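Here are my notes on the model you sent over. Have the viewer open while you read, since the points jump around the chain a bit.

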Amino acid sequence: MNLFNHFAFSDSEILELKQLLENKEKVPYICNREMSGIWLHTPDFEAELRLLLLGQFRISVSRVCFLQRRKGTMTAVLAWLERFCQNHQVQSIVIQCVQTEAMVNWCQKNGFFPIAHSSMILKGIIVGDYEKRIVC
């Protein structure tokens with residue numbers, strides 16, 4: 001396996017993720033391609049999801065904010081990300097900059113663990129980056 005193999009999100013993968021968000025959020029999303037990923041957002045930027053690829057090492061969720069909270073949107077996105085990782089042999093998913101107790105709980109519930117070198121204890125919770133290893 002060549003871990004430095006560069007690939008990008010396909011048009012069909014982007015469309016599938018965009019439709020997932022639009023169905024869950026009930027608003028239109030726009031997708032901007034970036035050098036190493038994609039940034040999906042509503043026209044008013046009130047909601048967003050930004051994904052960055054580092055070859056087959058990892059996919060990082062660098063920005064996430066949804067209009068509909070506690071409606072299963074992030075869990076549906078996680079299922080999509082896990083399929084993406086399986087299809088492309090990506091080794092892990094990282095949620096960057098986890099800052100709230102609710103998101104810490106979501107990460108732990110879904111098999112993510114804090115990354116030791118990019119996390120710290122703040123007000124009784126471990127904030128920072130969380131990672132889930134994917135078995136390919």
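The numbered points below go through a helix, the strands, a pocket and a few individual residues.

1. First, a reminder that this is a predicted model. Everything below is computed from its atoms, so read it as a description of the prediction.

2. Let's start with α2, which covers residues 73–88. The helix has 16 residues and reaches 23 Å from its first C-alpha to its last, close to the 22 Å expected at 1.5 Å a residue. Right after α2 comes Gln89, with a positive phi of about 55°. That is worth a glance, because most residues other than glycine have a negative phi.

3. Which residues of α2 are buried? They are Thr73, Met74, Ala76, Val77, Leu78, Trp80, Leu81, Phe84, Cys85 and His88. On reading such a list, keep in mind that an α-helix has 3.6 residues a turn, so residues three or four places apart point the same way. As for what the buried residues of α2 pack against, the partners are the helices α1 (11–25) and α3 (101–109), along with the strands β3 (48–54), β4 (58–65), β5 (92–98) and β7 (125–133).

4. Next, β3, which is mostly covered: five of its seven residues are buried. Strand β2 (residues 37–41) runs antiparallel to β3, and five bridges join the two. One pairing to look up is Gly37 with Leu52, its bridge partner in β3. The hairpin of β2 and β3 has six residues between the strands, and in this hairpin Phe45 takes a positive phi near 65°.

5. On to the pairing of β3 with β4, where seven bridges join the strands, again antiparallel. Leu53 stands opposite Ile59 in β4. This hairpin has three residues between its strands, and Gly55 in the turn has a positive phi of about 50°.

6. Two residues of β4 deserve a side-by-side look: Ser60 and Arg63. Are they buried or exposed? Ser60 counts as buried because its relative accessibility is 5%, below the 20% cut-off. Arg63 has a relative accessible area of 40%, so it ends up as partly exposed. As general background, in a regular strand the side chains alternate between the two faces of the sheet.

7. What does Ser60 touch, leaving aside its neighbours within four places in sequence? Its contacts are Arg50, Leu51, Leu52, Val94 and Gln96. There is also a polar contact of 3.4 Å between the side chains of Ser60 and Arg58.

8. For Arg63, not counting residues up to four places away in sequence, the residues touched are Glu48, Leu49 and Arg50. With Glu48 there is a side-chain polar contact of 2.6 Å. If you want a distance to check your numbering against, the C-alpha atoms of Arg63 and Leu17 are separated by 15 Å, with the two residues 46 apart along the chain.

9. Thr42 sits in the loop between β2 and β3. Despite the loop setting, Thr42 is buried, with a relative accessible area of 3%. Its side chain makes a polar contact of 2.7 Å with that of Asp44. Leaving aside neighbours within four places in sequence, Thr42 is in contact with Val27, Pro28, Tyr29 and Ala47.

10. If you are thinking about pockets, the largest pocket holds about 810 Å³ of space. Of the 26 residues that line it, the closest to its centre are Val64, Arg69, Met74, Thr100 and Met103. The elements giving two or more residues to the lining are β4, α2, β5 and α3. Met74 also appears among the buried residues of α2.

11. Finally, two more positive phi values to look at in your backbone plot. Lys26, which is not a glycine, has a phi of about 65° and lies in the loop between α1 and β1 (30–34). Arg70, also not a glycine, has a phi of about 60° and lies in the loop between β4 and α2. Where do their side chains stand on accessibility? Lys26 is exposed, with a relative accessible area of 66%, and Arg70 is exposed too, at 82%.

Notes: Residues are numbered from 1 along each chain as its sequence is written. This is a predicted model: local features need pLDDT of at least 70, side-chain atom pairs count only at pLDDT 80 or more; totals for chains, interfaces and linings use all residues. Side-chain values use heavy atoms; hydrogens and water are left out. Helices (H or I, at least four residues) and strands (E, at least two) are DSSP runs, numbered from the N terminus. The expected span of a helix is 1.5 Å times one less than its number of residues. Buried means under 20% relative accessible area, exposed over 50%, partly exposed in between (1.4 Å probe, protein chains only). Contact means heavy atoms within 4.5 Å. Two strands pair if DSSP finds at least two bridges between them. A polar contact is a pair of N or O atoms within 3.5 Å; within protein, one must be able to donate a hydrogen and the other to accept it, and residues adjacent in sequence count only if both atoms are side-chain atoms. On a 1 Å grid over the protein atoms alone, a cavity is a set of points where a 1.4 Å probe fits but cannot get out, and a pocket is an open set with protein on both sides within 12 Å along at least five of seven lines; lining residues have an atom within 4 Å of a point. Grid points are joined across faces, edges and corners, and a volume is the space filled by probe spheres set on the points.
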